[in-house]
Amino acid sequence: MITTNNCSDKITVIGGGLSGPVLALYLARRGFSVDVFEKRPDLRNASVPAGRSINLALSKRGITALEEIGVFDRIKPSLIPMHGRRIHDLNGDTRFLPYSSSGTDFIYSVSRSDLNKILITEAENTDKVRFHFQHECIGVDIIRGAVTFLKKDTGEKIKWKNFPVIGTDGAGSVVRKFLSEDGFVSDALDPLNHAYKELNIPPDERGQFILDSNALHIWPRDEFMLIALPNLDKSFTVTLFLPELGKISFETIQSGNDLLIFFKKMFPDVISIIPELVTDFFKNPTGKLGTIQCSPWHAKDKAVLIGDAAHAIVPFFGQGMNASFEDCTIFNRWMDSTENWGELFQKFSNVRKFDTDAIGELALENYIEMRGLVNQNIFFKKKELERELEMTYPNRFISRYSMVSFHQIPYSIVKARGIIQEKILSTFSSSSSSVSMKNYKEIEEMIFEELPSLDQL
Ligand SMILES: Cc1cc2nc3c(=O)[nH]c(=O)nc-3n(C[C@H](O)[C@H](O)[C@H](O)COP(=O)(O)OP(=O)(O)OC[C@H]3O[C@@H](n4cnc5c(N)ncnc54)[C@H](O)[C@@H]3O)c2cc1C
């Protein structure tokens, strides 16, 4: 077991976003002193920059971490339950797809900045975690044992010697960059070539939600889509996902007129409820999307990467933050079964990566499902059969969405079981015929043969 008695008890965390404070809280509960360096000013006294995933879907894996560090009850009043997806057709019709067959499982919409602020305050309240805001990491030298920070308010440079260092500095991690330059890790970005833009649906004139507030709204249009998540102030944050280049893309929308023509054609029911469409589209940044491939995630017993810094993924399963929080849960758990930082970092890097690779692939696949398949009849047929099988074999057949969002089955197992389940659903759902009794016998045999009961996992 790693304790403050047998290992260095002063930990340096670089990145005070979502996973940095969660990890700091886990470490503080074990008695470690943690210094968290964050390049931005303290969020609690600053306004949040617009246009960067203002709200997020929080599900089981993230909730578990927040419960374990004692923060879930603090954030709970700020959460908005989303019980399913509401699909908006081109002609304005909508259809509701519940997230779970039983109707009891749901995900939450949470404000990134509210969650971040609560995490920082709770970490500080332990008296074991110190935050250094406006400290930008500009160098990590494993060989000489020094990290360099630039104090952004004074321009002063600071050398810091407390190791180990944990890089929670997000998708564009500089910790990863320095470890890569020194040959400890190799990393690459797989760009999605689709980008995103955030917009806003304000409340109606009575200050109420304009759309159903307990759903994640999707306007799927095959090559691109719009989604909307509810906010506490009764507005919705809308995200347009669109190719960067090509016939219909960010490249071709150059003027307010281009944008209005595009929205009138593809999202006619939305145009009147986004009053600042043109202004926000051209004012808000266009966010890039991609998957970070990195291996290993550590440099000896000196540094390790956690969260997006190690494995940023595309956002279509709503799992980037949830997976990053689960990283912290697992890292904390494995402190009990390893003897020193080097052993823990190696195990974390070798074993956890199977699961984060899997969710990275599932998230890419889900983009195709969300923007395209939700429009097709066969998709709804499969969903019906899936619901029936979930009700009949609750311990064996669990939809891929549920396995990811409402369970903590390792992502690599979710991926493998998802392939088997998809085979069953594709074989037995067809847009024209319903499933016969004979089919049910075959399905049952396949389920019992190929999908071990959850208790056996
Ligand atoms: C459009 C979009 C929608 C998303 N939706 C969801 C969702 O619904 N559900 C979900 O689970 N996930 C979602 N995600 C993913 C989620 O945002 C990330 O997975 C999560 O923020 C990762 O947390 P992190 O702490 O690793 O990184 P971050 O939250 O990015 O934090 C990194 C921190 O490091 C700081 N930093 C960076 N460089 C330095 C430096 N040199 N020195 C010091 N500090 C530094 C940054 O300022 C930042 O505070 C979404 C992402 C996007 C882009």
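In which helix does Lys-265 lie? Lys-265 lies in helix 6, and the legends below come back to this residue after an overview and the ligand site.

This is a predicted model, in which local features need pLDDT of at least 70 and side-chain atom pairs count only at pLDDT 80 or more, while totals for chains, interfaces and linings use all residues. Residues are numbered from 1 along each chain as its sequence is written, and side-chain values use heavy atoms, with hydrogens and water left out.

**View A. The protein chain and its domains.** The chain is divided into domain 1 (10–82 + 106–185 + 294–366), domain 2 (190–288) and domain 3 (376–456), with bounds that come from an automatic or database domain assignment. Taken over C-alpha atoms, the centres of domain 2 and domain 3 are separated by 33 Å.

**View B. The shell around the ligand.** The ligand is surrounded by 32 residues, of which the closest are Ser-19, Glu-38, Ala-57, Arg-112 and Asp-308; a residue is counted as near if one of its heavy atoms lies within 4 Å of the molecule. The shell divides into 10 nonpolar, 14 polar and 8 charged residues, where Ala, Val, Leu, Ile, Met, Phe, Trp, Tyr, Cys and Pro count as nonpolar, Asp, Glu, Lys and Arg as charged, and the others, Gly among them, as polar. Helix 9 gives the largest share of this shell, 4 residues; helices (H or I, at least four residues) and strands (E, at least two) are DSSP runs, numbered from the N terminus.

**View C. Backbone atoms beside the ligand.** A nitrogen atom of the ligand is 2.9 Å from a polar backbone atom of Cys-137. Oxygen of the ligand also appears in this view, with an atom 3.4 Å from a polar backbone atom of Gly-17 and an atom 3.3 Å from a polar backbone atom of Gly-320.

**View D. The two sides of helix 6.** In helix 6 (residues 256–266), the residues Leu-259, Phe-262, Phe-263 and Met-266 are buried, a word that here means under 20% relative accessible area, with exposed meaning over 50% and partly exposed in between (1.4 Å probe, protein chains only). These buried residues lie on the same side of helix 6 because they cover an arc of only 95° around the axis, the arc being that of the directions from the helix axis to the C-beta atoms. The face turned away from the buried side carries the exposed residues Asn-257, Ile-261, Lys-264 and Lys-265.

**View E. Lys-265 and Leu-344.** Lys-265 is exposed, with a relative accessible area of 60%. Lys-265 and Leu-344 are 79 residues apart in sequence, and 54 Å apart in space from C-alpha to C-alpha.

Note on methods. A polar contact is a pair of N or O atoms within 3.5 Å; within protein, one must be able to donate a hydrogen and the other to accept it, and residues adjacent in sequence count only if both atoms are side-chain atoms.
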